[in-house]
Amino acid sequence: MSDFLEPGNVCGQNLLRIVSQGNAVIAELHRLADLVPAVFRLERKEDQLAYGELLPDFGYFKLSDAFDRKVEADERLLAKDEELRETYIELLAKFYLAFESVHRYAVDLERYLAELEEGVYIQQSVDSVLLDDDGKQLLCEALHLLGVILLTLELAIEGPVRERMLVAYYRHYYSAVRSAAAADSNIDDVCNLVRSTGFLSSSSATAKRPPNYPEELFRRAKVRPAFARLVIGRLRSDDLYNMIASYPRPEHRSTGLAHQAAMLFVCLYFAPDILHGEFAVMREIVDKFFADNFVLSVYMGTIVNLVEQWEPYRAAKAALANTLELKNVRSVAASHRAALQELNPKLAGLLKEGQVQLGEEAILSRAADHLNTSRRANVTLRWMMLHTVPLPGAFFGAEGAACVKRARSLREAIVAELKFNPLELFRLLLNTSEFELRLRERYRGLLSDRQAKLAEYRREAHERIAELAEVFGGSRPLNRLEPSEELQRWFTAFAGQIAELQFPAEEAEEGGGGGGGGGGGSKSQQQRTSRRIIALIKALEEVQEFQQLEANMHVKQFLAETHSLLHLMVKTLSIREEVLVTAQLIADLSYAWRIIDHCFTQFMQDGIKGDPGLVAQLRAAFLKLASALDLPLLRISQAASPELVAVSRYYSSELVAYVRKDYVCINGLKMWQEELSRIVNYNVEQECNAFMRQKVLDYQSLYQSRAIPIPVYLPLDPYSLTFVGRLVRQITRLSDPKATLSASALGVTGTNGIDRLLSFQIVAELNKALGEIDGHFTRNKSITDCFAQISGCLSSETPNGIITCKFC
């Protein structure tokens with residue numbers, strides 16, 4: 001069978017494209033979640049009064065004609081409706097495309113499964129794809145991503161908001177073109193998929209979980225039950241990503257399988273019967289994945305607590321009982337407490353004497369030990385961070401007060417057993433990050449200089465043995481050492497064997513470990529070379545037993561140095577790219593993508609204030625956090641998708657926004673001037689919005705920023721939205737513009753802003769006057785008749801251009 005992911009394999013490439021698109025959809029939903037206009041949330045009283053009648057939910061579709069007639073008959077509603085259309089139609093179209101992409105992903109996955117079943121991909125079926133290492137990863141990821149998309153939709157954009165936005169899009173755009181697009185329309189399917197479930201993420205800490213939630217939401221995607229069970233079976237039984245090789249110790253197994261456990265947690269909602277009634281299966285799952293943990297990261301730092309999430313499911317709840325026993329929880333917490341107390345001093349010691357402890361020879365000799373130290377530190381860091389962070393509320397809504405209370409009591413027990421000090425955990429994060437960064441940099445340097453180092457070691461070893469051969473031959477006399485023809489021949493032959501050592505460059509092996517390629521041949525040659533060097537080391541150790549060699553310090557030194565050089569050759573030959581891959585895998589911090597701000601930002605800020613040198617360690621921590629980007633970008637990159645730039649830009653901007661919270665610019669005057677100008681211009685823009693039908697939204701503003709947002713306050717009076725409006729109205733009341741100048745008080749920026757706002761007010765007053773004329777004169781029949789009579793009473797122009805009355 002050909003490689004599943006090679007460009008010519010249509011079956012593999014189509015599945016890779018689907019998975020790539022799934023990761024892109026999740027990023028787009030998160031990006032748009034920050035752009036939801038406040039007006040569609042209807043949380044503020046003024047929005048409810050102004051727009052509540054114009055933003056119905058899906059109930060609109062039952063009474064659409066009556067609703068539209070009501071709006072058209074009311075001039076005030078009609079004007080507000082037109083304002084909504086002109087302001088938000090572009091943004092609504094983006095949201096609709098995102099909702100449509102959710103539906104399209106579900107449809108594409110179902111179509112792919114149907115094609116596999118129908119034999120479109122020759123000699124391929126669901127079963128055969130699941131037998132391939134890459135194929136089973138992608139199929140499991142495809143189902144997992146569908147679940148994550150649905151959950152992200154729920155968390156990012158609440159159901160009522162989704163419905164209002166879809167109705168607004170339908171009324172203001174789709175209904176106008178639906179006759180032309182009816183044949184290709186899938187808006188009904190989109191609405192059915194993303195309609196409200198009754199879950200409200202903003203009140204999840206107190207809201208009751210909707211019945212049969214979230215499995216009812218997952219049923220809308222219409223995933224084949226047989227396919228879901230096949231995927232769950234693979235996730236249950238296989239080590240999907242060969243992570244056990246990176247986590248060989250049994251106590252680290254749940255951390256190694258954490259990503260697979262998160263996939264399984266999501267996919268189980270596509271087969272809720274397992275959660276409800278298959279006790280043996282759930283016990284097997286818990287024993288393998290959740291024996292020592294019950295808080296996990298689902299995708300890019302979205303955290304769930306199994307105590308709350310599995311409460312409604314009998315089989316799942318029963319299987320989790322052993323894990324949640326207080327004795328077991330305290331035992332696990334105590335082991336991590338001991339690890340924390342051991343690792344912090346150990347890492348600090350390695351970093352303090354970094355030139356010695358992380359030098360070339362130390363890394364070559366202790367690579368396995370260093371990797372194990374990093375592994376233990378990351379396991380402890382992950383468990384403690386996830387199980388001590390106070391979650392803001394249940395992921396799917398609280399099941400009940402008792403459930404929430406139990407989750408809280410377990411966390412309190414863990415905190416007590418750990419004698420938890422968040423500053424110690426923060427120190428572990430910094431030490432681990434810096435240690436891993438130095439280790440990778442040194443190891444990467446050794447890997448890149450590998451051939452040169454081997455050649456250097458061979459040359460030095462050859463020179464020393466050749467010099468000894470000359471000494472025993474008599475051509476280079478040495479004090480108290482008699483020439484020996486036998487030893488001369490032996491050392492000459494030994495030097496020749498060293499010179500004949502060959503070190504072929506290591507080539508990248510194809511695929512996931514298949515043999516027979518160039519890489520396999522190179523590896524085999526390296527193994528033969530290593531065996532020859534080991535034989536030379538043993539021969540050198542045997543020759544040192546000669547009495548003539550043992551008695552001379554100069555000879556002993558030459559032999560010891562050669563012995564050391566041969567050992568360095570063996571260790572350098574053992575350097576593998578796989579070590580860097582393993583180091584990267586165990587350094588994963590994607591689970592903290594969202595909670596790190598809650599856990600450590602304050603410590604970072606306080607630390608920098610007290611010791612600016614902390615910035616160097618924080619750099620390592622941010623680089624560690626940046627590795628989380630590998631998760632959503634891997635498949636997008638493999639598929640060569642055009643979405644790579646957009647998705648990468650989104651996650652990078654999120655990381656940059658967080659990093660900006662430790663670094664401080666000290667150019668105070670420039671900062672003050674720039675920020676004052678931005679604040680004034682933004683508030684001027686907000687005031688001007690009141691006079692515009694198509695308003696400038698925050699995401700369109702040149703002055704608003706997500707990284708450093710300008711706060712928006714509730715208006716203090718019904719006439720002005722911001723301090724700029726109040727200032728202008730006060731100036732208008734208290735001063736005569738013809739005689740008063742305010743430039744010296746406000747500066748150029750302020751004066752320019754006032755001038756702009758006054759211009760808008762003048763235009764508004766003129767429009768108001770014209771509206772009054774239009775309403776009271778041109779549309780009033782009695783007045784128009786009066787003017788017609790007056791016009792009839794006027795005579796034609798006289799030759800000199802004067803208009804006279806015909807009665808004059």
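## A tour from loop to helix and back

Start by selecting Gln123, which lies in the loop between α5 (75-118) and α6. Remember as you look around that this is a predicted model. Is Gln123 buried or exposed? Its relative accessibility is 74%, so Gln123 counts as exposed. Now check its backbone: Gln123 has a positive phi of about 65°, although it is not a glycine. That is worth a pause, because most residues other than glycine have a negative phi.

Next, move along to Asp132, in the loop between α6 (126-131) and α7 (133-156). Asp132 is buried yet has no salt bridge. Which side chain of opposite charge is nearest to Asp132? Select Lys136, and you will find it 8.7 Å away. Then show the backbone nitrogens of the residues that follow. The one of Asp134 lies 2.9 Å from a polar atom of the Asp132 side chain, and the backbone nitrogen of Gly135 also lies 2.9 Å from a polar atom of that side chain.

Now select Tyr213 and Pro214. The peptide bond from Tyr213 to Pro214 is cis, with omega near 10°. Pro214 sits in the loop between α9 (187-194) and α10 (215-219).

For a change of scene, colour two helices: α22 (residues 422-448) and α30 (residues 614-626). How are they arranged? They pack at an angle of about 80°, with their axes 8 Å apart, and are therefore roughly perpendicular to each other. Residues of α22 that meet α30 include Phe426, Leu430 and Leu437, while on the α30 side the residues include Leu614, Leu618 and Leu623.

Zoom in on Leu429, in helix α22. Leu429 has a relative accessible area of 0%, so it is buried. Measure from its C-alpha to that of Ala621: the two are 7.0 Å apart in space, and 192 residues apart in sequence. Leaving aside neighbours within four places in sequence, Leu429 is in contact with Leu381, Leu589, Ile596, Phe600 and Lys624.

Further along, pick Ala640, in the loop between α31 (630-638) and α32 (643-659). Ala640 is not a glycine, but has a positive phi of about 50°. At 67% relative accessibility, Ala640 counts as exposed.

Finish at Asn689, in helix α33 (residues 668-689). Its relative accessibility is 7%, so Asn689 counts as buried. Which residues does Asn689 contact, leaving aside its neighbours within four places in sequence? Select Lys695 and Val696 to see them.

Note on methods. Residues numbered from 1 in each chain as written. Predicted model: local features only at pLDDT ≥ 70, side-chain atom pairs only at ≥ 80, totals over all residues. Heavy atoms only, no water. Helix = DSSP H or I, 4+ residues; strand = E, 2+ residues; numbered from the N terminus. Buried < 20%, exposed > 50% of the residue type's maximum accessible area, 1.4 Å probe, protein only. Lys, Arg positive; Asp, Glu negative; His and termini not counted. Salt bridge = Lys/Arg side-chain N within 4 Å of Asp/Glu carboxyl O. Polar contact = N/O pair within 3.5 Å; in protein donor to acceptor, adjacent residues only side chain to side chain. Axes fitted to C-alpha atoms, helices over the stretch in contact; angles between N-to-C directions. Parallel < 35°, antiparallel > 145°, perpendicular 65-115°, else oblique. Contact = heavy atoms within 4.5 Å.
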